Amino acid sequence: AGSEPDALRRCTACAPGTFKGTTGAEPCKDCPAGKYSAAKGTTECELCKPGDFQPSAGQDECFRCSGPLTSAPGSDACDMCATGYFLADTATQATVKNCKHCLEGMDCSAENTTILNLNLTRNFWRASERTSELHPCVGDGRGWSPCA
């Protein structure tokens, strides 16, 4: 395990970016996208950590997501909005353009917040779950408030 035969049939450690979990003459395999192996002789690949990604197979490292984007463990792309941002249009994928910065009254303390699951902080309301337009809770002077 973790090695393959070379041209002279000698065991050679699997190269970084590859793995082999069994013994025998089979060659080492590339780590799939979303996984990596940094060392020689690996018997299994590691998942990219949350916030990291690897789009290609056979790699020895993952890349860090940047800007308003993040990822789940084992991702091959940065495909979620990071903490502090929300996906404004759920019909699209999370991109730098589609992840919007959360404003006062929005609770974006969790990754992968979308317009549909966007929570509001106390004393704010919105007309529907599909709008990002927030309104403060202001009474009419007679005890009525849209937040009551």
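## The surroundings of T113

In this predicted model, T113 sits in the loop between β13 (106-107) and β14 (119-120). Is T113 buried or exposed? Its relative accessible area is 6%, and because buried means under 20% relative accessible area, T113 counts as buried. When its neighbours within four places in sequence are left aside, T113 is in contact with C81, Y85, F86, L87, D107, C108 and L118.

Two of the residues in that list, C81 and C108, are cysteines that take part in disulfides, C81 with C99 and C108 with C102. The surroundings of T113 therefore lead on to the cross-links of the chain, since T113 is in contact with C81 and C108, and buried T113 has a relative accessible area of 6%.

## Three of the disulfides

How many disulfides does the structure hold? There are six, and three of them are described here, beginning with the one formed by C81 and C99, whose sulfur atoms are 2.1 Å apart. This pair links distant parts of the chain, with C81 in strand β10 (residues 80-81) and C99 in strand β12 (residues 99-101), 18 residues apart. The link of C81 and C99 is left-handed, with -90° about the S-S bond. C81 counts as buried at 1% relative accessibility, and C99 is buried as well, with a relative accessible area of 6%.

A disulfide also joins C31 to C45, with 2.0 Å between their sulfur atoms. Where in the chain do C31 and C45 lie? C31 is in the loop between β4 (29-30) and β5 (35-36), while C45 is in the loop between β5 and β6 (46-47), so the pair ties together parts that are 14 residues apart in sequence. The angle about the S-S bond of C31 and C45 is -85°, and the link is left-handed; both C31 and C45 are buried. In the disulfide of C102 and C108, the S to S distance is 1.6 Å. The link of C102 and C108 is likewise left-handed, with -85° about the S-S bond, and C102 and C108 are both buried.

## Strands β7 and β8: a salt bridge and an aromatic pair

The count of salt bridges comes to one, and the residues that form it are R64 and D52, whose closest N and O atoms are 2.7 Å apart. The pair links distant parts of the chain, since R64 belongs to strand β8 (residues 63-64) and D52 to strand β7 (residues 52-53), 12 residues apart. The two partners fall into opposite classes of accessibility: R64 counts as exposed at 59% relative accessibility, whereas D52 counts as buried at 14% relative accessibility.

The count of aromatic pairs also comes to one. F53 and F63 form this pair, which is tilted, with 5.8 Å from centre to centre and 50° between the planes. F53 lies in strand β7 and F63 in strand β8, so the pair ties together parts that are 10 residues apart in sequence. Why does F53 count as buried, and F63 as partly exposed? The relative accessible area of F53 is 19% and that of F63 is 37%; buried means under 20%, exposed means over 50%, and partly exposed lies in between.

## A buried lysine without a salt bridge

K20 is found in the loop between β3 (18-19) and β4. Which side chain of opposite charge is nearest to K20, a buried residue without a salt bridge? That side chain belongs to E26, and it is 4.3 Å away; because a salt bridge needs the side-chain nitrogen and the carboxyl oxygen to be within 4 Å, the pair is not counted as one. The side chain of K20 does, however, reach the backbone oxygen of E26, at 2.8 Å.

## The chain as a whole

The features described above belong to a chain with zero helices and 16 strands. Of the 148 residues of the chain, 32% count as buried. Among contacts between residues at least 6 apart in sequence, 29% join residues at least 24 apart.

How values were computed
Residues are numbered from 1 along each chain as its sequence is written. This is a predicted model: local features need pLDDT of at least 70, side-chain atom pairs count only at pLDDT 80 or more; totals for chains, interfaces and linings use all residues. Side-chain values use heavy atoms; hydrogens and water are left out. Helices (H or I, at least four residues) and strands (E, at least two) are DSSP runs, numbered from the N terminus. Buried means under 20% relative accessible area, exposed over 50%, partly exposed in between (1.4 Å probe, protein chains only). A disulfide is a pair of cysteine sulfur atoms within 2.5 Å. Lys and Arg count as positive and Asp and Glu as negative; His and the chain ends are not counted. A polar contact is a pair of N or O atoms within 3.5 Å; within protein, one must be able to donate a hydrogen and the other to accept it, and residues adjacent in sequence count only if both atoms are side-chain atoms. Rings of Phe, Tyr and Trp (its six-membered ring) pair if their centres lie within 6.5 Å; planes under 30 degrees apart count as stacked, over 60 as edge-to-face and the rest as tilted. Contact means heavy atoms within 4.5 Å.
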